[in-house]
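Below are my notes on the model you sent round. They are numbered so that you can reply point by point.

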Amino acid sequence: MTRYFFTRLAGAIPTLFIIITLTFFLMRAAPGGPFDQEQTLPPEIVANLESAYGLDQPVWVQYGRYLKSLLHGDFGPSFKYKDFTVTELIGQGFPVTLQLGLMAMALALLAGVPLGTFAALHHNSAADYATMSLAVAGIAIPSFVVLPFLGLLFGVYLHWLPVAGWEPGSLRHLALPVLALALPPLAYIARLTRGSMLEVLRSHYIRTAFAKGLPLHTVIMRHALRPALTPVASYLVPAVASILTGSLVVESIAGLPGIGRYLVQGAINRDYTLVLGMVIIYSTLLIGMGLVVDLLYAWLDPRVRLAKEPF
Amino acid sequence: MVPTLSIDELSVSFAHRTGTLGAVDGVSLRIAPAECLGVVGESGSGKTQLFLAVMGLAGNARVRGSIRFEDKELLGATARSANRVRGSKLTMIFQDPMTSLTPHLTIGTQLAEVLVCHQGLSWREGRDVAGRMLERVRIPEPRRRLSQYPHELSGGMRQRVMLAMSLLCEPALVIADEPTTALDVTIQAQIIELLRAMRGEAGTALALVSHDLAVVAGLADRILVMYAGRIVENAAAGELFRQPRHPYTAELLKCVPSLSGPRLARLPTLAGQPPQPGDALQACRFAPRCPRAADRCRIERPALMGTSTSQVACHFPL
Amino acid sequence: MRANPAAILALAVICALVALTLLGPWLNPNNTQALDWLHVAARPGLQSAHWFGTDRLGRDLYARTLAGTRVSIAIGLVASILSIVVGVGYGAVSGYVGGRTDQAMMRVIEILSGLPLIFFVIFLTVIFGRSESLLFISIGAVGWLTMARIVRGQTLSIRRQDFIAAAVASGASSGRIIAKHVVPNVVGPVVVYATLTVPQIILFESFLSFLGLGIQEPGASLGTLISEGVGEMEAAPWMLLVPGGFLAVLLLSLNIFGDGLRDALDVREG
């Protein structure tokens with residue numbers, strides 16, 4: 001099992017490396033520079049700025065210096081927010097985004113799987129149709145529509161929850177954003193679980209489990225759940241991608257000080273180092289998630305696990 | 001003496017787009033304690049659906065009639081009380097050992113959970129008992145199997161595990177649905193031998209369902225012959241083979257090749273097809289294929305009649 | 001189809017929306033650009049001249065929403081057609097040629113599928129700045145991956161059939177075979193996934209516009225309208241509810257219809 005993990009890890013590192021390299025060179029190769037947006041500066045000043053930021057060196061030298069600083073955890077200075085380094089900006093915003101994302105993912109799983117199972121157990125009943133209809137709505141309607149609607153309902157009209165803003169450690173401010181962010185993956189997971197559970201419940205080994213006189217909850221939890229979760233495991237990486245994407249919008253609407261806004265602002269301002277830093281963070285997250293999913297597959301199905309080890 | 005299993009006028013039917021399909025149509029039978037009942041018939045005869053209904057595994061089907069196990073009614077009983085009986089005193093093993101065990105749980109877990117659930121044992125105690133049962137069903141290296149997964153065992157070994165699972169709580173009745181069909185001939189013989197030994201040791205009643213008369217012949221005290229959801233003949237084993245009374249039974253017996261008889265140029269077969277479940281109800285279902293059929297057979301359903309030890313449902317029995 | 005009343009209803013709603021966007025201006029001829037200083041941020045009402053109210057600058061919301069819906073649908077259709085053409089071509093070639101080319105082409109799709117498209121777009125925006133042609137390219141890039149996969153799967157199974165062997169034996173070129181035999185046979189699944197691609201694309205376009213990376217002023221799509229509406233949420237909620245509602249209904253109906261179509265034709269991903 002450990003050997004399996006390290007093989008996968010060894011495969012992931014080069015991928016990350018390639019992404020960093022490609023991103024770096026693409027950005028350097030692009031027309032225009034980070035200072036083009038400002039009021040037109042006299043060329044000597046531009047030259048000074050470029051030399052200060054090391055932009056006048058040959059590309060390879062810049063690349064080497066960047067990699068070295070990466071290893072020290074230094075993403076370089078932000079071109080736009082002149083008083084901060086990218087590392088500082090990320091450091092401030094990342095915990096918020098992480099909290100938001102983790103809670104959304106957890107909600108999507110903890111609510112989606114039981115909902116899907118419930119629908120499967122009540123196949124073709126009114127409850128089943130109702131749940132699946134809600135699921136379609138959850139998948140179709142984007143979070144930047146859902147969140148403001150929720151904000152209107154719970155914030156402006158009912159005054160239950162704050163509409164926007166953030167205080168450290170405040171759960172009330174996170175409630176609506178997390179809900180809006182979790183809704184599409186939740187709905188998708190519910191649909192996946194339902195379909196998969198329906199199939200698993202038709203299996204012969206589930207018939208055996210029932211024939212043994214085991215109560216329903218035992219059959220579901222011990223015998224049916226793990227095989228049924230395989231498609232959900234496959235969906236985890238797209239789910240994280242969906243949550244990352246959604247966080248861009250949710251953070252901006254709800255005024256949460258996460259890193260999402262840096263990506264969008266960085267794009268508009270053409271702030272190279274910032275965008276580069278964000279790309280690295282997001283790629284690492286996704287690749288990391290991929291590793292977790294691989295481990296998950298091994299746990300879900302012993303045949304995968306045992307295939308890697310000598311008998 | 002109370003029969004272990006007592007079924008009266010059981011019918012199992014499925015709602016379908018084009019009407020209702022009756023898989024089991026008015027079946028009644030008794031199994032006495034420690035008796036071995038063989039149930040034979042083609043695919044579609046309803047023999048499997050019959051016992052699935054007994055085990056509460058009939059799915060979406062409508063089940064009507066009465067199923068009494070040790071004089072307690074199972075149909076309509078609460079799930080909890082039915083579950084107390086099923087898996088412990090009334091157990092079933094299925095045809096396909098390759099897919100009947102949960103792939104992600106160890107053999108030990110799947111065996112022990114029966115004991116944990118029904119007899120309140122701890123998991124360690126359960127594994128112990130399971131290990132001993134694996135010895136009884138003559139699995140090689142029983143202790144090692146407990147921590148293995150189903151895919152690490154061969155088909156024959158898995159079927160032994162299924163058998164062990166069904167015997168853990170000392171059941172009064174074990175239903176074996178085509179237990180050897182998916183296995184090699186040599187393994188088949190071993191499983192049958194095992195079933196015989198189990199009966200002898202524990203005095204368990206056995207309902208052996210099969211389309212293969214040969215499998216049933218070695219074990220059964222009595223044999224039920226089913227056709228198109230109905231029982232057509234019910235007789236003691238020896239008598240059935242010597243003196244079949246229903247035309248269908250006679251044809252079936254002709255189909256079993258014999259090592260001692262004359263060499264035949266062609267293997268005899270039964271002409272025609274079994275009826276589709278939606279077909280005519282008020283007639284003898286075998287009439288279209290019966291060499292002895294007359295007009296009466298096509299309009300009147302024959303009732304199962306005879307003595308207490310031998311019955312047949314035919315207007316013109318042999 | 002009779003078995004799925006929801007899908008039929010969804011289709012009816014879609015048609016109604018399209019009809020409304022096309023005929024709407026006849027019903028209430030308010031200009032999208034006209035600034036009505038007398039009715040700034042006015043509430044919606046059937047009595048007033050502005051059925052859906054006005055925005056912060058006095059522009060009629062009814063006209064703007066319908067215009068925005070028109071833009072969203074138009075982009076959705078055009079980009080969908082683009083991605084269908086690319087996807088079908090790519091998938092058909094990959095499935096037909098097979099072998100290592102196929103493996104390589106599928107690898108590309110796998111890698112591209114892993115990246116969230118928004119990052120790609122943001123990335124390109126950093127490099128090339130905001131431009132509408134960039135918008136079109138990136139939006140078109142949304143749908144073709146799944147389409148290519150579907151078509152490849154279908155092509156693989158068709159390729160094994162006898163009439164293809166007959167065509168090859170009679171000396172037809174690969175291109176001709178693909179065009180005349182493979183493509184007509186994959187129409188079914190393509191139609192189904194096309195109907196599911198359109199909402200994806202509309203969603204993506206709205207998302208970009210919402211963030212400010214899409215359609216720029218003075219043009220407006222539903223995304224930009226919603227973005228404005230969010231800013232006025234507490235004071236003038238109709239600015240959010242109207243475009244938001246339109247987008248939600250549009251996407252929901254398209255999804256339900258697409259799902260229904262897929263169930264009816266029972267298509268699976270190769």
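1. Two strands are taken as paired if DSSP finds at least two bridges between them. On that basis, chain B holds an open sheet of eight strands with mixed pairing, in the order β6-β7-β8-β3-β9-β10-β12-β11. The edges are β6 (90-93) and β11 (305-306) of chain B; each has a single partner strand, so one side of each is left without a neighbour in the sheet.

2. The model is predicted, and confidence should be read with that in mind. The mean pLDDT of chain B is 86, and 91% of the residues score at least 70. Within chain B, helix α11 (residues 295-299) has the lowest confidence, with a mean of 82, while helix α3 (residues 107-119) has the highest, at 95. As a general caution, where pLDDT is low, the predicted coordinates should not be read in detail.

3. One pairing in the sheet can be followed at residue level. Strand β7 (residues 173-177) of chain B runs parallel to strand β8 (residues 205-210) of chain B, and five bridges join the two. Leu173(B) has Ala205(B), in β8(B), as its bridge partner.

4. Which elements of chain B supply at least two residues each to the side that touches chain A? They are α2 (79-85) and α3 of chain B. The contact as a whole involves 22 residues of chain B and 19 residues of chain A. Helix α3(B) gives the most to the chain B side, with four residues. The chain B side consists of nine nonpolar, nine polar and four charged residues.

5. The contact between chains C and A takes 32 residues from each of the two chains. On the chain C side, two or more residues come from each of α4 (117-128), α8 (187-211), α9 (222-231) and α10 (238-265) of chain C. The largest share of that side is the nine residues from α10(C). Sorted by class, the chain C side has 24 nonpolar, six polar and two charged residues.

6. The largest nonpolar core comprises 231 residues. Ala164(B), Ala207(B), Val232(B) and Leu251(C) have the most contacts inside this core. Helix α7 (residues 172-201) of chain A provides the largest share, 16 residues. Beyond its neighbours within four places in sequence, Leu251(C) contacts Ala140(A) and Ile141(A) in chain A, together with Pro199(C), Ile202(C) and Leu203(C) in chain C.

7. Helix α6 (residues 162-169) of chain C is hardly covered: among its eight residues, the count of buried residues is zero. After α6(C) comes Gly171(C), which has a positive phi near 95°.

8. Chain A has 13 helices and zero strands. Of its 311 residues, 38% are buried. Among chain A contacts between residues at least 6 apart in sequence, 74% join residues at least 24 apart.

9. Is Ser170(A) buried or exposed? A residue counts as exposed if 12 or fewer other C-beta atoms lie within 10 Å of its own. Ser170(A) has 11 other C-beta atoms within 10 Å and is therefore exposed. Ser170(A) sits in the loop between α6 (143-157) and α7 of chain A. Its C-alpha atom is separated by 23 Å from that of Val240(A), 70 residues apart along the chain.

Definitions and conventions:
Residues are numbered from 1 along each chain as its sequence is written. Chains are lettered from A and ligands numbered from 1 in the order in which they are written. This is a predicted model: local features need pLDDT of at least 70, side-chain atom pairs count only at pLDDT 80 or more; totals for chains, interfaces and linings use all residues. pLDDT is the predictor's confidence in each residue, from 0 to 100. Two residues are in contact if their C-beta atoms, placed from the backbone, lie within 7 Å. Ala, Val, Leu, Ile, Met, Phe, Trp, Tyr, Cys and Pro count as nonpolar, Asp, Glu, Lys and Arg as charged, and the others, Gly among them, as polar. A residue is buried if 20 or more other C-beta atoms lie within 10 Å of its own, exposed if 12 or fewer, and partly exposed in between; C-beta atoms are placed from the backbone. A nonpolar core is a set of buried Ala, Val, Leu, Ile, Met, Phe, Trp, Tyr and Cys residues joined through C-beta atoms within 7 Å.
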